[in-house]
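I opened this one to look up three things: the pocket, the salt bridges and the nonpolar cores. My entries are below.

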Amino acid sequence: MDNIINDLKNVDLLIVEDGQDIRDIMYSTLHKIFKNTRTAIDGVDGLVKFNDKQPDIVLSDIRMPNMSGNDMIEEMKRINPDIPIIVITGHGRLMKKNINADLILEKPIKFNRLVEEIHNLVQ
């Protein structure tokens, strides 16, 4: 795991999550690995931050106000079809057919698995 963490320290990560508590926990946990970690509060904010400085990977919720995660992902993939996007959701079984993400993980997420999956996608 140490080699994986070392590989990821310069990866630019964008976390898009409307739930403040979840967003804060994800940021505080992942910022220890990804020094370039930014957060967005919904799909609109996520798209603005994506356009401002494209990250290396996006980690997003799917059900959000103002712009759904799915609409945000579609726009991000239109801008950069190669951007790796991981969706974290509690509704994965219902949504897997309709999401253009590279990976869908169902909550609750194990931290080590998330880090390994991010590593796999950015390599």
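What follows are my notes, topic by topic.

**Ground rules.** I am working with a predicted model, where local features need pLDDT of at least 70, side-chain atom pairs count only at pLDDT 80 or more, and totals for chains, interfaces and linings use all residues. Numbering runs from 1 along each chain as its sequence is written, and side-chain values use heavy atoms, with hydrogens and water left out.

**Pocket.** I looked up the largest pocket first and got a volume of about 250 Å³. A pocket here is an open set of points on a 1 Å grid over the protein atoms alone, where a 1.4 Å probe fits, with protein on both sides within 12 Å along at least five of seven lines. Points are joined across faces, edges and corners, and the volume is the space filled by probe spheres set on them.

Which residues line it? I noted Ile22, Ile25, Met26, Thr29, Leu30, Ile88, Lys107, Ile109, Lys110, Phe111 and Leu114, lining meaning an atom within 4 Å of a point. Helix 2 (20–30) and helix 6 (111–122) are the elements that give two or more residues to this lining. Helix 2 gives the most, with 5 residues. Helices are DSSP runs (H or I, at least four residues) and strands are runs of E, at least two, all numbered from the N terminus.

By character, I have the lining down as 8 nonpolar, 1 polar and 2 charged residues. Nonpolar is Ala, Val, Leu, Ile, Met, Phe, Trp, Tyr, Cys and Pro; charged is Asp, Glu, Lys and Arg; polar is the others, Gly among them.

**Salt bridges.** My rule was a side-chain nitrogen of Lys or Arg within 4 Å of a carboxyl oxygen of Asp or Glu. The count under that rule is 6 salt bridges. For exposure I used relative accessible area: buried is under 20%, exposed over 50%, partly exposed in between (1.4 Å probe, protein chains only).

- Lysine 49 pairs with aspartate 45 at 3.4 Å, N to O. They sit 4 residues apart in helix 3 (residues 43–52), so about one helical turn separates them. Lysine 49 is partly exposed at 26%, and aspartate 45 is buried at 19%.
- Arginine 78 pairs with glutamate 75, with the closest N and O atoms 2.5 Å apart. Being 3 residues apart in helix 4 (residues 69–79), they are also about one helical turn from each other. Arginine 78 is exposed at 58%, while glutamate 75 is partly exposed at 24%.
- Glutamate 117 pairs with arginine 113, closest N and O atoms 3.4 Å apart. The two are 4 residues apart in helix 6, about one helical turn. I have glutamate 117 as buried at 19% and arginine 113 as partly exposed at 45%.

I also found Asp12, Arg38 and Lys53 joined into one network by salt bridges that share partners.

**Cores.** I took a nonpolar core as a set of buried Ala, Val, Leu, Ile, Met, Phe, Trp, Tyr and Cys residues joined through side-chain atoms within 4.5 Å. Which members of the largest core touch the most others? Out of 18 residues, they are Leu8, Phe34, Leu59, Ile86 and Leu114. Elements giving two or more residues to this core include helix 1 (2–8), strand 1 (12–16) and strand 4 (85–89). Helix 6 gives the most to this core, with 3 residues.

I checked phenylalanine 34 on its own: it touches Leu8, Lys9, Val11, Leu13 and Ile118, leaving out residues up to four places away in sequence. Contact means heavy atoms within 4.5 Å. Apart from the largest core lies another, of 17 residues, including Val58, Met64, Ile73 and Ile83.
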